[in-house]
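Visitor: I should like to learn how to read a single residue in a structure and then the parts around it. Could we look at an example together?

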Amino acid sequence: MALERTFAIVKPDAVKDGHIGEILSAIERGGLKIVGLKLTRLTAGICKGFYHEHVGKGFYPELEAFMTEGPVALMVLEGENAILGWRDLMGATDPAKAAEGTLRKRFGASIGRNATHGSDKPESAAFEVSYFFNAFEQQ
Ligand code: DAT
Ligand code: MG
């Protein structure tokens, strides 16, 4: 076990549908600590930097349009094995394939509009946390 920090987003669909509270609640009930939190709106440029590994893929234009369509809640989460723990709470990328009770199953409408984001490995978590949060914004 390792104490880790990971990066999470409540995506524009879930913010618009009024699910911030339920998602924060699932995070806390799931044993993860919210150590950074802010509501903002992504620009196209910020989205490209964040999703740099996906820029150029066929689905990227749709992903950028979605991620910039409205406000998002950004978070830093901390806990033992937080990276995989948060991915487990979210469920599979495609809500249709996500396990019952997971956040993407509960709140996602499609693979393109899937309610939440979570870092997939320690290197991504380090990059994504520092992309959006400075040291003073993490408790
Ligand atoms: P994850 O968000 O589970 O880490 P990913 O990194 O492969 O998934 O992709 C990032 C996001 O891009 C994903 O949450 C939704 C979107 N996406 C991925 N594959 C897609 C596809 N085939 N069609 C539409 N959107 C897709
Ligand atoms: Mg990913």
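Visitor: Is Asn114 buried or exposed in this model?

Guide: A residue counts as buried when its relative accessible area is under 20%. In this predicted model, Asn114 has a value of 2%, so it is buried. Asn114 is placed in the loop between α6 and β4.

Visitor: Which side chain makes a polar contact with the side chain of Asn114?

Guide: That of Lys11 does, at 2.7 Å. In addition, a polar atom of the Asn114 side chain lies 3.4 Å from the backbone oxygen of Ile111. Leaving aside residues up to four places away in sequence, Asn114 touches several others, including Asp13, Phe66, Thr93 and Arg104.

Visitor: How much space lies in the largest pocket?

Guide: The largest pocket holds about 430 Å³. It is lined by 20 residues, and those closest to its centre are Lys11, Tyr51, His54, Phe59 and Thr93. Two or more lining residues come from each of α4, β4 and α7. By class, the lining has five nonpolar, eight polar and seven charged residues.

Visitor: Where should one look for nonpolar side chains?

Guide: In soluble globular proteins, nonpolar side chains tend to be buried together. Here the largest nonpolar core has 18 residues, and Val10, Ile23, Ile27, Met75, Leu77 and Trp86 have the most contacts inside it.

Visitor: Which element gives the most to this core?

Guide: The helix α2 does, with four residues. Apart from this core lies another, of 17 residues, with Val35, Tyr51, Val72 and Val129 among them.

How values were computed
Residues numbered from 1 in each chain as written. Chains lettered and ligands numbered in written order. Predicted model: local features only at pLDDT ≥ 70, side-chain atom pairs only at ≥ 80, totals over all residues. Heavy atoms only, no water. 1 Å grid on protein atoms, 1.4 Å probe; cavity = no way out; pocket = protein on both sides within 12 Å on 5 of 7 lines; lining within 4 Å. Points joined across faces, edges and corners; volume = space filled by probe spheres on them. Nonpolar A, V, L, I, M, F, W, Y, C, P; charged D, E, K, R; others polar. Core = buried A, V, L, I, M, F, W, Y, C linked by side-chain atoms within 4.5 Å. Buried < 20%, exposed > 50% of the residue type's maximum accessible area, 1.4 Å probe, protein only. Polar contact = N/O pair within 3.5 Å; in protein donor to acceptor, adjacent residues only side chain to side chain. Contact = heavy atoms within 4.5 Å.
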